[in-house]
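Subject: Structure for you to look at

Dear colleague,

I am handing over the structure we spoke about, with the sequence alongside, and my notes follow beneath it. Please read them with the model open in front of you.

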Amino acid sequence: MAVSVVLGLQWGDEGKGKIVDYYSASADVVVRATGGNNAGHTVVIGDKTYKLHLLPSGLFQDNKTGVLGNGMVIDLQVLCKELAEFEARSNGSKVFISGKAHVIMPWHKHFDAAGETASGIKKIGTTGRGIGPCYEAKANRSSAIRFYDLTSGERFEKKVQEVYNLLKPRFEQTGFTLSVAQILAELEPLREKLAPFVIDSTNFLLNCAESGKEILIEGAQGALLDFDHGTFPFVTSSNPTIGGAFTGTGLPHSGVEKVIGVTKAYTTRVGSGPFPTKLIDADGDYLQSKGAEFGTTTGRKRDCGWLDVVALRYAVKINGVSELALTKLDVLGGLEKIKVATSYALPNGSVTSDFPEDTAVLAGVEPVYAEFNGWGNESLLPEWEKLPVNARSYVGEIEKLAGVPVKLVSVGPERTQTIAL
Ligand code: GDP
Ligand code: IMO
Ligand code: MG
């Protein structure tokens, strides 16, 4: 089996879309394993920018097979829109959806918004796409609706009615007012469009792998947003770490050849929660503006800060990352000094190089920085030898500090602004 996995190592938006597009050139099948349209993955080809929320980013390459894996939660409307754009490109690529993937229903989006505004609750700053409530339904089982339930109109209607009856008390409590008839009127045409795409995805992927096809698993979100290993409760409701790649597809760990971890050359975060290296100064503004750090999904401004190697090492270890793809190196150009957090000072005066698992402890740490000389603000050519010497030495330092080789350096958003090492 030849399976590669691309995972985000920070709080999402590391540039996974660009990196997946790059590696998809040599893959046959590209699979999204987790998350839903809380993800926003960008691929830039020439002067065209594409933003995907659900479809795998490998589909801009010709003659690929894309699979929306069983670990995903899917908004029917968003998927239909992306599919229409994808079909218009007709580049020989095709798409399938796992029957085991879960459907985001209108009430999930309502519950998401209601949860964020409820008094006395700490705002997580979700994307508002109904992700948490849909995974909540998956976990409780009784109110879950899967893509298999979409395979006939009759089955879907029965399922919606059943779940609707079950959730009535919660609808009344939270002010959800749509009727079953209204919901079905909205969703039935979408169901009809999507039903032919539904497959037994795990058997399909296993057969692909066994017949020698190269499979690339596209991670969404990032390690620090992981439901188990991230900065809980300021996380998403799935496992963007390596385990999610397996449970979200059914592919076995033994088939994995490479785990490619994607990290920016600095750090960003959207939503609430601790962010030790966050900058509230001119350098932070510089990164935000030069890096065009606005959320791909919600348009919110991303907070920016220095690269945090304490967090990066943690993400490398829990994912078993074999190599790094370092993105947005170009954005650091023009800064006189560049800092990297190598350990954390704790309020009791001790210093740790372990990423604290308790979010309350993380919120109280002070980063201890190493400082490097910057380089000029000129645009960077995608050739290693032509990078400024300080840019090359920064990449070398990250490699040493992270403990895994950097195999790809991205120096701009466009597909060709990429250096393979
Ligand atoms: P993803 O969620 O991990 O796929 O990342 P996003 O697409 O949400 O955000 C990454 C942003 O950075 C997108 O706008 C990309 O086009 C852009 N990007 C990716 N790599 C680079 C790079 O090396 N340099 C610059 N300047 N932008 C990049
Ligand atoms: P990609 O795949 C960045 C963040 C939200 C919020 C938290 C929970 O583009 O890297 P949710 O809607 O999932 O319940 O929100 O997670 N978040 C992301 N941040 N990139 C993402 O995806 C994200 N997906 C979720 O901002 O803090
Ligand atoms: Mg994104």
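A polar contact, as the term is used in these notes, is a pair of N or O atoms within 3.5 Å. With that cut-off in mind, an N or O atom in the side chain of Arg 302 makes such a contact with ligand 1, since an oxygen atom of the ligand is 3.2 Å from it. Please keep in mind throughout that this is a predicted model.

To stay with ligand 1, there are 20 residues around it, and those that come nearest are Lys 16, Gly 40, Thr 42, Thr 296 and Ser 410. The backbone also takes part: a polar backbone atom of Lys 16 is 2.7 Å from an oxygen atom of ligand 1, and a backbone N or O atom of Lys 328 lies 2.9 Å from an oxygen atom of that ligand. On its own, ligand 1 has 580 Å² of accessible area, of which the protein covers 92%.

Ligand 2 is likewise surrounded by 20 residues, the closest being Asp 13, Lys 16, His 41, Thr 127 and Thr 236, so that Lys 16 appears in the list of nearest residues for ligand 1 and in the list for ligand 2. Three side chains offer polar atoms to oxygen atoms of ligand 2: that of Thr 236 at 2.6 Å, that of His 41 at 2.7 Å and that of Arg 300 at 2.9 Å. Taken alone, ligand 2 exposes 550 Å², and the protein buries 98% of that. The shell around ligand 2 is made up of seven nonpolar, 10 polar and three charged residues.

Turning to the fold, you will find an open sheet of 10 strands with mixed pairing, whose order is β9-β7-β5-β2-β10-β1-β11-β15-β19-β20. Its edge strands, each of which pairs on one side only, are β9 (198-199) and β20 (418-420). Within the sheet, strand β1 (residues 2-8) and strand β10 (residues 214-218) run parallel and are joined by five bridges, and Val 3 has Ile 215 as its bridge partner in β10.

Finally, helix α1 (residues 16-24) lies across several of these strands, among them β1, β2 (29-32), β10 and β11 (256-264), and runs at about 145° to β11. The residue range of this helix includes Lys 16, which is among the residues closest to ligand 2.

With best wishes

Technical notes
Residues numbered from 1 in each chain as written. Chains lettered and ligands numbered in written order. Predicted model: local features only at pLDDT ≥ 70, side-chain atom pairs only at ≥ 80, totals over all residues. Heavy atoms only, no water. Near = heavy atom within 4 Å. Polar contact = N/O pair within 3.5 Å; in protein donor to acceptor, adjacent residues only side chain to side chain. Areas by Shrake-Rupley, 256 points an atom, 1.4 Å probe, with all protein chains shown as cover. Nonpolar A, V, L, I, M, F, W, Y, C, P; charged D, E, K, R; others polar. Pairing = 2+ DSSP bridges. Helix = DSSP H or I, 4+ residues; strand = E, 2+ residues; numbered from the N terminus. Contact = heavy atoms within 4.5 Å. Axes fitted to C-alpha atoms, helices over the stretch in contact; angles between N-to-C directions.
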